[in-house]
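The following text walks through a single protein chain, from one buried ring outwards to the surface. Keep the model open while reading.

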Amino acid sequence: MTVDDVAVGKEKRTGLGASKETLEDYTLRFAPRTYRRWTPAVVGASALGGIAYLADFSIGAGIGLAHGTANALLAIGVAAAVIFVTGIPLAYYGARYNIDLDLITRGSGFGYCGSVLTSVIFASFTFIFFATEGSIMAQGLRFAVGLPLWLGYLVSTVVIIPLVVYGMKALAKLQSWTNPLWLLLMVAPLVFLIVKDPGSVRRWLSFEGTGGSGVNTAAVLLGAGVCLSLMGQIGEQIDYLRFMPPRTAENKRAWWASVLLAGPGWVVFGAVKQAIGVFMAVYVLDVAGAAAAVEPIEQFTGVFKQLMPPWLVVPLALVLVVLSQVKINVTNAYSGSLAWTNSFTRVARRYPGRLVFVCVNLAFSLVLMEADMFSFLNSVLSFYANCAMAWVVTVAADIAVNKFLLKLSPKQPEFRRGMLFAVNPVGVVSFLASSILSIAVYFGLFGAAWRPYSPLVAVVVAAVLTPLMAIVTRGRFYLRRTDDGIAAPMLDAEGNPSGSRYDCVVCGESYERPDMAASAAGGTICSLCLSTDRDGVHVLPAQNR
């Protein structure tokens, strides 16, 4: 056997390993229409099922107790408006072109390797919020059955593993089947409580918080900063929306409704939950105390006591907490594994499989839980918000302004190796400048008076600098090539990704047109085998432009 034979054999094994990834929800590639068998309504409902988390109640409660109801509601409203507007272009691109947020980011100002930065940011989002929800479940287990917190953290982590193994097919069923029960447990007690005790609404609206200073800009912006940490949730929504069916004349209304509702629309539900969190914290404050009033198990137990027998209160509260934690943490574990796998594959040019990074993400989450991250949750989220906002606003600005208004960024998304430059200064510089400046403001380097304005700095710098960098660079660093070597069009007559299929010369599998490119060695190659090509023998040369 020659050295060349060994090399070819190794490449084939790598390709075959990559081809198994199709069983793992097309982790690093375009999601083909042959796999996307769900209706827009099913995809939308599955995506919304992932926002059943209880952290919103804690976030709202923490803001409300610190700054009062009026400031909290204004903060929640400001954050929701920013998240909704920035989420529209991202959700549209994910659903229309069937790619996740990392693949969108690559062609929206960051470049093939530059988006590794944002993949790590997103992965951090998933394990921070996994730890948050796992902590809430552990609190529920301690409250209901006396399980020690450290053991509750372990249980809330391990129970997720078998649920997240099978990807979208299993997640769609889990979310759809559990949504009705979750909504019933969430809504019915609150409606009953308000009808029974209308004065609770008046007490909630008049609550001034520990400071009691009335409405002020600093308090609103500090609260909004905490809420804006949830901006990365759009990435998890897109992990579902990328499985939307092709948009056609027959389904376009249902398609748009599902994209808007389950994409940026998630924040409407999140904002309502945060406002309810303020309400329940104020309601149970005198009984539970400030420290416990931010814990959802205490909040719902306090509400349940008003409408059901005592023996039923704790079991139902525990069911709600466990159900909510499982619904969101399967999504956190799933999306986090995608983000880590994306980063590792591009850096190491080797595909270890998504399930490896399910375990990695859960390990990070467990460490945070055991370190009692929940006790300083709002501080962690306020800091993290600066990075999340810088990333999402940069990508949204590139799509909305650079692609559609300035036309300096290619309108059709590109994510394949060899087609993109490794690093695009448009997104990378904008993201880093926005993150660094907003974090500096957050830590008071420009004076304590400016500290509440760090979220505003992150949003404005990213929104202004992204188009400015595109103008300065004249869009030269988006595409390394404009021709992928395949003559057939990328889109069909209705503007949907083409369903025509090609065989990969490395793994031997057949993939749809958007996932394929010509190989420099001959034939066609899929995007994942191209990513794992360590020697670059299949990468097409740069075009002279």
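## From a buried ring to the surface

Y93 is buried, since its relative accessible area is 1%. This value, like every other one here, comes from a predicted model. Y93 lies in helix α4, which covers residues 69–97. Its ring pairs with the ring of F404, a residue in the loop between α19 (377–403) and α20. The two residues are 311 residues apart, and the pair links distant parts of the chain. The ring centres of Y93 and F404 are 6.5 Å apart and the planes stand at 80°, so the pair counts as edge-to-face. F404 is partly exposed, because its relative accessible area is 36%. Ring pairs also join further residues to these two: the cluster consists of Y92, Y93, Y97, W255, W256 and F404.

The structure holds 24 aromatic pairs. Another of them is formed by F122 and F125, whose ring centres are 6.2 Å apart with planes at 15°, so this pair is stacked. Both residues lie in helix α6 (residues 116–145), three residues apart, which is about one turn of the helix. F122 is buried, with a relative accessible area of 6%, and F125 is buried as well, at 0%.

The loop between α4 and α5 (101–110) contains N98. N98 has a positive phi, near 60°, and is a residue other than glycine. With a relative accessibility of 1%, N98 counts as buried. R474 also has a positive phi, about 55°, without being a glycine. R474 is found in the loop between α21 and β1, and it counts as exposed because its relative accessibility is 59%.

How does the chain as a whole look? It has 22 helices and four strands. Of its 545 residues, 59% are buried. Among contacts with a separation of 6 or more, 80% are between residues 24 or more positions apart.

In soluble globular proteins, nonpolar side chains tend to be buried together. The largest nonpolar core of this chain has 133 residues, and L90 and W391 are the ones with the most contacts inside it. Leaving aside residues up to four places away in sequence, L90 touches L101, I104, I234, I238, V392, V395, A396 and I399.

Side chains of opposite charge can pair when their charged atoms come close. With nitrogen and carboxyl oxygen required to lie within 4 Å, the count comes to eleven salt bridges. One of them joins R416 and E414, with N and O 2.8 Å apart. Both R416 and E414 are buried. Another joins D484 and R513, where the closest N and O atoms are also 2.8 Å apart. This pair links distant parts of the chain, 29 residues apart: D484 is in the loop between α21 (454–473) and β1 (501–503), and R513 is in the loop between β2 (510–512) and β3 (516–518). D484 and R513 are both buried.

A further salt bridge connects two strands, with R501 in strand β1 and E512 in strand β2, eleven residues apart. The closest N and O atoms of R501 and E512 are 3.5 Å apart. Which of the two partners is buried, and which partly exposed? R501 counts as partly exposed because its relative accessibility is 39%, whereas E512 is buried, with a relative accessible area of 1%. Salt bridges that share partners bring E414, R416, D484 and R513 together in one network.

The surface remains. The chain exposes about 20500 Å², and 69% of that is supplied by carbon and sulfur atoms. A nonpolar patch on the surface is formed by F383, L437, F443, L445, F446 and W450, which together have about 680 Å² of accessible area. L437, one of these residues, lies in helix α20, which spans residues 425–442. L437 counts as partly exposed because its relative accessibility is 37%.

Notes
Residues numbered from 1 in each chain as written. Predicted model: local features only at pLDDT ≥ 70, side-chain atom pairs only at ≥ 80, totals over all residues. Heavy atoms only, no water. Buried < 20%, exposed > 50% of the residue type's maximum accessible area, 1.4 Å probe, protein only. Contact = heavy atoms within 4.5 Å. Areas by Shrake-Rupley, 256 points an atom, 1.4 Å probe, with all protein chains shown as cover. Patch = residues over 30% accessible without salt bridge, like charges linked within 9 Å, V, L, I, M, F, W, Y side chains within 5 Å. Salt bridge = Lys/Arg side-chain N within 4 Å of Asp/Glu carboxyl O. Core = buried A, V, L, I, M, F, W, Y, C linked by side-chain atoms within 4.5 Å. Phe/Tyr/Trp six-rings, centres within 6.5 Å; stacked < 30°, edge-to-face > 60°.
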